[in-house]
Amino acid sequence: MPLTTTKEMLKAAQKGKFAVGAFNANNMEMVQAIVEAATEEHAPVILQVSQGAIRYAGMAFAAGLVKIAAANTDVPVALHLDHGTDFDQNVLCLREGFTSLMFDGSSLPLEENIVISRRVCDIAHICGIPVETELGKVLKRGATPQEVQDAMAKPEEAERFIEDTQADSLAIAIGSVHALLSQAAELDIERLKAIRDAIPDTPLVLHGASGVLEDSVAESIQYGICKVNVATYLSQAFTYALFDSLKANPDVEDPRQHLVPAREAAKERVRAKIRLFGSNGTIKSGGGFRSPPTQHRVADIGEAED
Ligand SMILES: [Zn+2]
């Protein structure tokens, strides 16, 4: 089916208390791994492309790969810009056919973040495309616990931020950190609850989930997290499987022979995350959400996780 926006899938997630997995893809094999896993799990999925991925693959390739993958499955697939840090990048992605945008003004003073977020929302909404914005700042690996604490989203700013920006969803800093190599961070669930209570209609987004304890991720989904971003965890699986294959078969010169196990390794991790997020089985065969949306099933996490 054609690309869908994140609007309907995040609303369904909010209603059904599950989260849609948003997975970063940088190349064809990663796109295939993500969409195949979502298809087999009957789950909606968000393929997200960062500014770095656009620089790496080129805008047309990055968007084109996802569009082709979406056309060949019956689960909803959205093409999302991850961390667009300026207005122009968002406009360029809108023109390219992205079905979900993000303006990340978390490095800016609050007022400036609000002004540019609103400009992006105004132009995207004309085209029917939803926008994610960020409140607080999800920091990168290397940040101290105090820095993470200081950068967290302030619940008292949430209502005005959504009202002034008209954003469709909100990424909130609640204790996760980007690019952690192991699951160690615990989320500030009380802060999450306070934000959800302030803006109950707005789907909330968790960034940096690769480094968050799984129980904490599952709990956050119960309290309003509707989209969970995963990048590092997939990149690790892909790269390590590639490395193992190269090491075990140094005489094999055909890159496809090495990329197949890498794609499979990433796919298994996508599948496990989809189950953790409870989005598995929420799409009927042939497309469309089940009604009522499936409730989040923590018990289904099972042994799929490695
Ligand atoms: Zn992020």
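Modeller: Quick definition before we start: a helix here is a DSSP run of H or I, at least four residues long, and helices are numbered from the N terminus. Also keep in mind that this is a predicted model.

Colleague: Got it. Which helix holds Glu 41?

Modeller: Look at residues 28-41. That stretch is one helix, and Glu 41 has its place there. So by the DSSP runs, numbered from the N terminus, the helix you want is α2.

Colleague: Is Glu 41 buried or exposed?

Modeller: Let's count neighbours: Glu 41 has 23 C-beta neighbours inside 10 Å. The cut-off for the covered class is 20 or more. With 23, Glu 41 therefore counts as buried.

Colleague: Which residues does Glu 41 touch, once neighbours within four places in sequence are left aside?

Modeller: Don't expect Ala 124 here: the C-alpha atoms of Glu 41 and Ala 124 are separated by 31 Å, with their places 83 residues apart along the chain. The contacts of Glu 41 are with Arg 271, Ile 274 and Asn 280.

Colleague: Let's zoom out. How does the radius of gyration of the protein fit with a compact globule, and what is the value?

Modeller: For 306 residues, a compact globule would come out near 19 Å. The C-alpha atoms here fill a box of roughly 60 × 40 × 40 Å along the principal axes. The protein agrees with the globule figure, because its radius of gyration is 18 Å.

Colleague: What share of the contacts with a separation of 6 or more links residues 24 or more positions apart?

Modeller: Some background on the fold helps: the protein has 12 helices and eight strands, and buried residues make up 51% of the 306 residues. As for contacts with a separation of 6 or more, the share that links residues 24 or more positions apart is 72%.

Colleague: In what order do the strands sit in the sheet?

Modeller: Eight strands form an open sheet, and the pairing is parallel. The edges are β3 (77-82) and β4 (101-103), each of which pairs on one side only. From one strand to the next, the twist averages 30°. Reading across, the order is β3-β2-β1-β8-β7-β6-β5-β4.

Colleague: Which residue in β8 stands opposite Gly 21?

Modeller: Start with the pairings around β8: four bridges join β1 to β8, and three join β7 to β8. From β7's pairing, Leu 206 stands opposite Val 228. Gly 21 also has its opposite number in β8, and that residue is Val 228.

Colleague: How many of β8's residues are buried?

Modeller: Helix α12 (residues 255-277) lies across β1 (20-24) and β8 (225-230), running at about 150° to β1. β8 is mostly covered. Of its six residues, the number buried is six.

Colleague: On to β5. Which of its residues point the other way from Val 131, Thr 133 and Leu 135?

Modeller: In a regular strand the side chains alternate between the two faces of the sheet. In β5, Val 131, Thr 133 and Leu 135 point one way, and all of the strand's residues on both sides are buried. Pointing the other way are Glu 132 and Glu 134.

Colleague: What is the bridge partner of Thr 133 in β6?

Modeller: β5 has a partner on each side: three bridges join β4 to β5, and four join β5 to β6. On the β4 side, Leu 101 stands opposite Val 131. On the β6 side, the bridge partner of Thr 133 is Leu 170.

Colleague: Why do the buried residues of α9 line one face of the helix, and what arc do they span?

Modeller: The buried ones in α9 (residues 189-198) are Leu 192, Ile 195 and Arg 196. Seen down the axis, they line one face because they fall within an arc of 100°.

Colleague: Last one: which element gives the largest share of the largest nonpolar core?

Modeller: That core has 95 residues, and among those touching the most other members are Ile 34, Val 45 and Leu 47. Val 45, for instance, touches residues including Val 20, Phe 23 and Val 77. The largest share of the core is eight residues, and they come from α12.

Conventions. Residues are numbered from 1 along each chain as its sequence is written. This is a predicted model: local features need pLDDT of at least 70, side-chain atom pairs count only at pLDDT 80 or more; totals for chains, interfaces and linings use all residues. A residue is buried if 20 or more other C-beta atoms lie within 10 Å of its own, exposed if 12 or fewer, and partly exposed in between; C-beta atoms are placed from the backbone. Helices (H or I, at least four residues) and strands (E, at least two) are DSSP runs, numbered from the N terminus. The arc is that of the directions from the helix axis to the C-beta atoms. Two strands pair if DSSP finds at least two bridges between them. Axes are lines fitted to C-alpha atoms, for helices over the stretch in contact, and angles run from 0 to 180 degrees between N-to-C directions. Two residues are in contact if their C-beta atoms, placed from the backbone, lie within 7 Å. The radius of gyration is taken over C-alpha atoms; the globule rule is 2.2 Å times the number of residues to the power 0.38. A nonpolar core is a set of buried Ala, Val, Leu, Ile, Met, Phe, Trp, Tyr and Cys residues joined through C-beta atoms within 7 Å.
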